[in-house]
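Here are a few exercises to work through with the model open beside you. Try each task before reading its solution.

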Amino acid sequence: MSARITSKTLVSALRRQVEAAGGHAMVLTKGDEISGAVILALANRGLVRGLRERGLAPDGSYQWVAAGPDDAEDPAAVSAYIERRSNFDPDIWVVEIDVEDPEAWLDEFIGAS
């Protein structure tokens, strides 16, 4: 059995890496420090382009998978989705990352796989 990184440590590392890349990261909802689910709002210049959630793959590894409403660029739909998820799971983390190319950045982030 391999050690699992805590949600708080993952979010902290994610924030530092975003800021090192010249971007900005903000915790919108703080969840359980040990095992809270993590949702990322991928933004570029303040406009959310999509949501990703850290999920467990069949092989036991973690991956960032698409989450949220069909129209992830609609602020009202994204807000409603995050509110529903937070009501359902109060231990969830929601972090907005704002970098030049959030999809490419996430692919390179150490926690992406």
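**Exercise 1: a loop residue**

Arg45 sits in the loop that joins strand 2 to strand 3 (47-56); strands here are DSSP runs of E with at least two residues, helices are runs of H or I with at least four, and both are numbered from the N terminus. The model is predicted, so local features need pLDDT of at least 70 and side-chain atom pairs count only at pLDDT 80 or more, while totals for chains, interfaces and linings use all residues. Residues are numbered from 1 along each chain as its sequence is written, and side-chain values use heavy atoms, with hydrogens and water left out.

Task: Describe the backbone and surroundings of Arg45.

Step 1. Begin with phi: Arg45 has a positive value of about 55°, although it is not a glycine. Most residues other than glycine have a negative phi.

Step 2. Arg45 counts as exposed because its relative accessibility is 69% (buried is under 20% relative accessible area, exposed over 50%, partly exposed in between, with a 1.4 Å probe and protein chains only).

Step 3. Leaving out residues up to four places away in sequence, Arg45 touches Asp98 and Glu100, where contact means heavy atoms within 4.5 Å. Gly23 is 22 residues from Arg45 along the chain, and their C-alpha atoms are separated by 9.3 Å.

**Exercise 2: two strand residues**

Task: Are Ile39 and Ala25 buried or exposed, and what do they touch?

Step 1. Ile39 belongs to strand 2 (residues 38-44), and it counts as buried because its relative accessibility is 0%.

Step 2. Beyond residues up to four places away in sequence, the contacts of Ile39 include Leu51, Tyr81, Ile92 and Trp93. The C-alpha atoms of Ile39 and Thr9 are 14 Å apart, with their positions 30 residues apart along the chain.

Step 3. Ala25 is part of strand 1 (residues 24-29), and at 2% relative accessibility it counts as buried.

Step 4. With the same sequence neighbours left out, Ala25 touches Arg15, Val18, Glu19, Glu96 and Ile97. Ala25 and Ile97 are 72 residues apart in sequence, yet 4.4 Å apart from C-alpha to C-alpha.

**Exercise 3: a helix residue**

Task: Where is Ser79 placed, and how exposed is it?

Step 1. Ser79 falls in helix 2 (residues 75-88).

Step 2. Its relative accessible area is 44%, so Ser79 is partly exposed.

Step 3. Trp93 lies 14 residues from Ser79 in sequence and 14 Å away in space, C-alpha to C-alpha.

**Exercise 4: rings and charges**

Task: Which residue lies over the face of Tyr62?

Step 1. Arg54 does, at 3.9 Å from the ring centre; a charge sits over a ring if NZ of Lys or CZ of Arg is within 6 Å of the ring centre and within 35 degrees of the ring normal.
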